[in-house]
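Here's a protein chain to get to know. Have a look around it, then read on for a short tour.

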Amino acid sequence: MNKRCAGLAAGLGMLLLSGCSTLNQALGTEEAVNYKSTVAGDPLSIPPDLTQANRDARFRAPEGTATYSQYAQAQQAQQSAGDRNRVLPQTQGITVMRDGDIRWLVIDKPAEEVYPRIVDFWNEQGFTLKSQDPRAGLMETDWAENRAKIPEGWIRSALGAILDTVFDSGERERFRTRLERVNGKTEVYVSHQQMVETATEDGANLKWVYGKEDPGLNAAMLARMVVFLGTDVQRAQEMVARAERSADQVQVSQAGDGQAAIVLNESFDRAWRRVGVAIDSAGFAVEDRDRSTGDYFIRYLDSDSGEKIEQPNFLTRMFGGKNTAAAAPLRIHVAAQGSSSVVNVLDEKGQVQNTGTAKRIITVLMTHMSGGGN
C-alpha cells in the first residue's frame, strides 16, 4: 500500500511539474516564471466603478442553443471561423516602446478598458493584489515566489506536489503596474521589487534584504502581458526584443550648491516617464499624479531623520491615541528647463524643499535612474 501511495505521489508531482515546464518553454526559457503568492488573499476583483472586460467568446454559449449537441456544433463552427481569421495571429493596437532600460506598452484603448484586463493578467500569473487604485491607475501585487527558480531534483519531482512548502527559492518578488492616459491611448509600465533571503554576519540566522531590480524580468512580464492581451508567444517575444532604444543616452546629475534637485538632459516627456518609473521601482506610496503640472503626489515616512518616532501601544490606540509615525504628503515635481528637465521635492503647499528628507528622496530617485542597460 505504501509503495502504491509513493508511486502515485511521484507520478502526480512529475505530471504537475511537467505542466509548469511546458508553460515556461512556451514562453521562453530566458526568464522562467511560475509564481505562487506567499499571501493568502481573496481572488482579484474588478473595481465596481470600472466596466468589466469582455470575456473570451469561447466560454459564452451561442444564443438560440437549447441542447448540448447544438451548442457543440455552434462552438465548432465558431472555432473554425476563428482559426481561419487567425492563421497568423497579430495584436492590433499594442506597441512595445523602449528608452534605455525602460520598456512599456502603448495600447490603443482607453484606461477604463485596459485596467480590468491587467487585473485579470496578474490573477492568471498567480498573484494576489495588495493594493489597487483605479483613479490613479496603480496596482501592486503581494510578495510571491518564483517556483521556477527551485532546482528540480528527483526528490522534488516525487514529493514537490505534496510537500510544496518544504522547497523554497529564497527569493520573493512583487510587481507594480502603472497606467497613464496619453493622447487617447494607455501606457502600461511594469516594475518589480525583490527580496533575497541572506545569512546574517554571524551565520546563525537568516534575514530578508532588498535585491536589485532586473529589467529583464520586467521585459518578460511585458511579453506575457502582450500574450494575455491577444497575440501569439513568438510575436510577443519579438515585439519586446526589437523595441528600439533611444539613441540619446540620458545624463542624470544632482544640482549643485547642495540643492535637493536632479537635472536630466532630456525633454519633459522623457523626464516625466523616467521619474515615474524610478518612483515605482523605489516603492514610494503614490496617491495621485498630474502630468499637466508635472507633479507626483506621494507620502513618505522618513525613518532616517533622527527624530523619535513613537508608536502607540495597545491602550493608547484603544483610547483614541494617534500614531505619530504618519507619512508626510509631498510632491515630486518635474519641470522643463530649456532642453533639460529639473526634478524637485515640494511640500504640501508647493514650496521647494531642501531638507534632509528631500535630499534622501532625491538620492533614492537617482539610484533608480539609468539610461543604459539591456
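This report goes from the whole chain to its cores, a run of paired strands and a pocket.

## The whole chain

First things first: this is a predicted model. The chain has 374 residues, and 39% of them count as buried. If you trace the fold, you'll pass nine helices and 15 strands.

Now for the contacts. Take the ones with a separation of 6 or more: 63% of them are between residues 24 or more positions apart. As for the outside, the chain exposes about 21400 Å², with 51% of that supplied by carbon and sulfur atoms.

## Two nonpolar cores

The largest nonpolar core is made of 31 residues, and Leu105, Trp122, Phe175, Met221 and Met225 have the most contacts inside it. Several elements chip in with at least two residues each: strands β2 (94–99), β3 (102–107), β7 (171–182) and β8 (185–199), plus helices α3 (111–124), α5 (215–228) and α6 (233–241). The largest share, eight residues, is from α5.

Let's zoom in on Phe175. Leaving aside residues up to four places away in sequence, its contacts include Tyr35, Trp122, Phe127, Met139, Val190, His192, Leu217 and Met221. There's also a second core, separate from that one, with 26 residues; Leu264, Val275, Val286 and Met369 are among them.

## Three strands in a row

Next, find β12 (residues 285–290) and β13 (residues 295–300). These two strands run antiparallel and are joined by five bridges. One pair to look for is Arg289 with Tyr296 of β13, its bridge partner. Together β12 and β13 make a hairpin with four residues between the strands, and Gly294 in the turn has a positive phi of about 80°.

β13 also pairs with β14 (residues 328–337), again in the antiparallel sense, this time over six bridges. Here you can spot Asp295, whose bridge partner in β14 is His333.

## A pocket to explore

Which residues lie nearest the centre of the second largest pocket? They are His192, Glu213, Ser281, Thr367 and His368, out of 25 residues that line the pocket. Its volume is about 610 Å³.

Where does the lining come from? β3, β8, α5 and α7 (268–282) each give at least two residues to the lining of this second largest pocket. β8 provides the largest share, with five residues. You've met some of these names already: β3, β8 and α5 each supply at least two residues of the largest nonpolar core too. His192, from the group nearest the pocket's centre, is also touched by Phe175.

Conventions: Residues numbered from 1 in each chain as written. Predicted model: local features only at pLDDT ≥ 70, side-chain atom pairs only at ≥ 80, totals over all residues. Heavy atoms only, no water. Core = buried A, V, L, I, M, F, W, Y, C linked by side-chain atoms within 4.5 Å. Buried < 20%, exposed > 50% of the residue type's maximum accessible area, 1.4 Å probe, protein only. Contact = heavy atoms within 4.5 Å. Pairing = 2+ DSSP bridges. Areas by Shrake-Rupley, 256 points an atom, 1.4 Å probe, with all protein chains shown as cover. 1 Å grid on protein atoms, 1.4 Å probe; cavity = no way out; pocket = protein on both sides within 12 Å on 5 of 7 lines; lining within 4 Å. Points joined across faces, edges and corners; volume = space filled by probe spheres on them.
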